[in-house]
Each structure stands twice: as C-alpha cells, then as structure tokens.
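Colleague: I am new to this structure and would like a close look at one part of it. Please begin with a single residue and work outwards from there.

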Amino acid sequence: MDKYGFTGTIKVFGSPAEETVISRPYMIRAGLFDDVDAVIDNHSSSGFSTSYGTSGNALFSTIFTFKGRTAHGASPWGGISALDAVELMNDATNMLREHLFYTYRMHYVIVEGGEAPNVVPDKASVWYYVRNSDDRVEEMYEKVVNCAKAAALATGAELAEIRCLTAIHQRHANKAAAELFQKNIELVGMPEWTEEEHAFARALQKELGRRETGMSDRVGSLREPSGTFVGGGSSDVGDVTLVTPTATIRFPGQVPGAVSHHWSSVATNYGTTAWKGLNAGAKAMAASAIDLLTKPEELKKLRDEFEAYAEENPYRPFLPEDAVPPLDLNEELMKKWRAMMEEFYIIH
Ligand SMILES: [Zn+2]
C-alpha cells in the first residue's frame, strides 16, 4: 500500500477454532466489524471458486445438562438417573425428525454419561447441533428444548442448564463481491500441480474409494445459487454477511473427494499442494483488495447491494445476549492432542 500509494485500511480477522462456528457472532457483538466496508472471506477447498446468495444452515450449538440423584446401581430405587433424561431427550428428538422440514440437520454427542455402571449417574449432558434455514431454525430449536423439558419431567431429573455455545445465521453472500472475486480467481488461475502431487491425490482417492481424478486443474465457474435449498453445513461467516458485504474465496489445495472433518482432509492440508493452493487464494484476495481500494465504483456496487439487502433483512443476532464465549470448550482435548501435533508443524 505504501509503495503504490493506496489509501484505506486493511484489517485481518482470524476465526478462532473455525470448525466450532463460534467466534464471529461474538466478534460482531464486540463491534469488530462496525467500520468495515467489505469482507474478503476465505476457506480451504479442493476447488478455486466463489459463490453468492443464501447457502448453508443456521445453527444453534447447545449443551443440555440434567441433574438427578445418585444411588447404588444394584439398589437404585431412591435414585434419579440423569442419563435416563439424556436418553429420553434423544429418543424424543429422533422422533421429532420425521416432522421437521427437510432443510434441517440435527446431531448430538453425549458429553457426560456417568462414571460407572454401578452408580446411578446424577449428572449427564448432551451437546446438540440444531441446524435449519434462518426462517425455521428458531422454531426447531424450541421443539428440541421442549424434548429436553419433557425428558426432565418424565424422569424426575432437573434440566439444570441449557448452555448456548453459539447461534449463527445462514450465509448470504454478496453477488457483486462474488463477481469481483471470480474475475480475480480467473486472473490468478489454478496452480500447476506436479505429477507427484497428482499421484498423491490419486493414491488418497483410491484409499477412499473415490474416482481417481488427481488434483483439480480448472477454476470453478460462478454459478447461480441453486433453487432448492436442502440444508447442509454451516459457517459463522453467515453473521458477517449480514453486517457487511461479504463473499468467500475458496482456495484449492485439498484433494477432491477428501472427506471433511476426517483424516483425509487433514492429510491434504499439508505439503506442497496446500502451500500452492494457499498462495493462489492469497493472490486472489490481494487482487480483490486492490480493486476495492482503488476502484470506488467497484466498492459502491457491493455497498449498494448490501444496503438494499440489509434494509429488507436487518441483522438480528440469534446469539442470546447473555451468551459468553466458551473458552473452556475442547480445552481437555487440545491438551491431549496439541503435544502430539506439534511434532508435525512446519516452521518456515
Ligand atoms: Zn471450515
């Protein structure tokens, strides 16, 4: 910026523990995006592409904790099993599935389920991801909360805590931003992969039982948003798209067919393919930033579209006002894994 005399401010935002989709609504609440004209978001991918319109699911991430009364497992008459409440809640939500509109996703893990079979568990908790479109997620969440209340009533356990970790919107990406990013993605082009890199990709695809196509060799085209939304994953950048014009540059480097949240994706975010893909994405982001800093008419297109959209769809956070960032989440897990991961870090 100094060399070419660009004026403006570039801010770099992290998204801590991005896969937990927690940070952005808290960052917005703290005012971090208040004076931001536009956001160039990025995400890893096997392709090199961008998109616009509504995608992904809104998501409520919540831990339900039940408290009961402990007793000897072999003479349990005086006890109340908190685990029974968790199981009953899960039975109820699984029956609820049948009647939810097909845009939903719902999954859970039992975080605490007791300590030993011969001790009636007096505490149990279950962590839910409740996902749906922006207009359906709140009603669905209320139904899930009712399942928890009903399980407490039936078992005599107390629904002791409903802890909201995050609550986020769908992504509503800006079309003018996506069109600008697309031009720069095409300008940068797909990295040239070596035969060795293709061979690595094909070996991984073979292992996964996927088509052995190697690395992607063409950038994606800017597609119209698909007509029928059928739900899927979520990103907390969704909330950002509602406070400032935003679109995402998905940068290449992953092997096509690698499975998300799975060792195969982890394996592909490593080595020369990851490095080349990351640099290609960085160039497309830099070129887009230059356009936005030097061509006020380009920025105006993004702003005009955003302001018209925001007028119709003013930002109303799903995150409850009293929610606090769950800094303790995964602390134990990270303690266990970080030391083992450290030996694989590449320090340049
Ligand atoms: Zn992600």
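In which helix is Glu195 found?

Modeller: Glu195 is found in helix α5, which covers residues 195-208; helices (H or I, at least four residues) and strands (E, at least two) are DSSP runs numbered from the N terminus. Residue numbers start from 1 in each chain and follow its sequence as written. The model is predicted, with local features needing pLDDT of at least 70 and side-chain atom pairs pLDDT 80 or more, while totals for chains, interfaces and linings use all residues.

Glu195 has 8 C-beta neighbours inside 10 Å, so Glu195 counts as exposed (12 or fewer other C-beta atoms, placed from the backbone, within 10 Å; buried means 20 or more, and partly exposed lies in between). Ala178 is 17 residues away from Glu195 in sequence, and their C-alpha atoms are 32 Å apart in space.

Ala178 brings us to helix α4, which spans residues 175-188. The axes of α4 and helix α8 (residues 271-294) come within 9 Å and cross at roughly 130°; axes are lines fitted to C-alpha atoms over the stretch in contact, with angles from 0 to 180 degrees between N-to-C directions. On the α4 side, the residues in contact are Leu180, Phe181, Asn184, Ile185, Leu187 and Val188 (C-beta atoms within 7 Å). On the α8 side they are Ala280, Lys283, Ala284, Ala287, Ser288 and Asp291.

Helix α9 (residues 296-312) also packs on α4, at an angle of about 150° and with the axes 7 Å apart. Here Lys175, Ala176, Ala177 and Leu180 of α4 meet Glu298, Lys301, Leu302 and Glu305 of α9. Leu180 of α4 thus appears in the contact with α8 and again in the contact with α9.

Now for another pair of helices. The axes of α2 (residues 82-96) and α3 (residues 137-155) come within 8 Å and cross at roughly 140°. Among the residues of α2 in this contact are Ala85, Leu88 and Met89, while those of α3 include Val144, Cys147 and Ala148.

Two of these α2 residues return in the largest nonpolar core (a set of buried Ala, Val, Leu, Ile, Met, Phe, Trp, Tyr and Cys residues joined through C-beta atoms within 7 Å). That core has 32 residues, and those with the most contacts inside it are Phe66, Ala85, Val86, Met89 and Val130. At least two residues each come from β3 (58-67), α2, β5 (123-132), α3 and β6 (158-168). The most come from α3, which gives eight residues.

Two backbone angles can be set beside each other. Val21, in the segment before α1 (23-29), has a phi near 45°, a positive value in a residue other than glycine. Val21 is buried because 24 other C-beta atoms lie within 10 Å. His261 has a positive phi too, near 55°, and lies in the loop between β8 (246-251) and α7 (263-268). His261, however, has 9 other C-beta atoms within 10 Å and is therefore exposed.

Last, the chain as a whole. The chain holds 10 helices and eight strands, and of its 348 residues, 36% count as buried. The C-alpha trace spans about 75 × 50 × 40 Å along its principal axes. Among contacts with a separation of 6 or more, 82% join residues 24 or more positions apart.

Methods
Contact = placed C-beta atoms within 7 Å.
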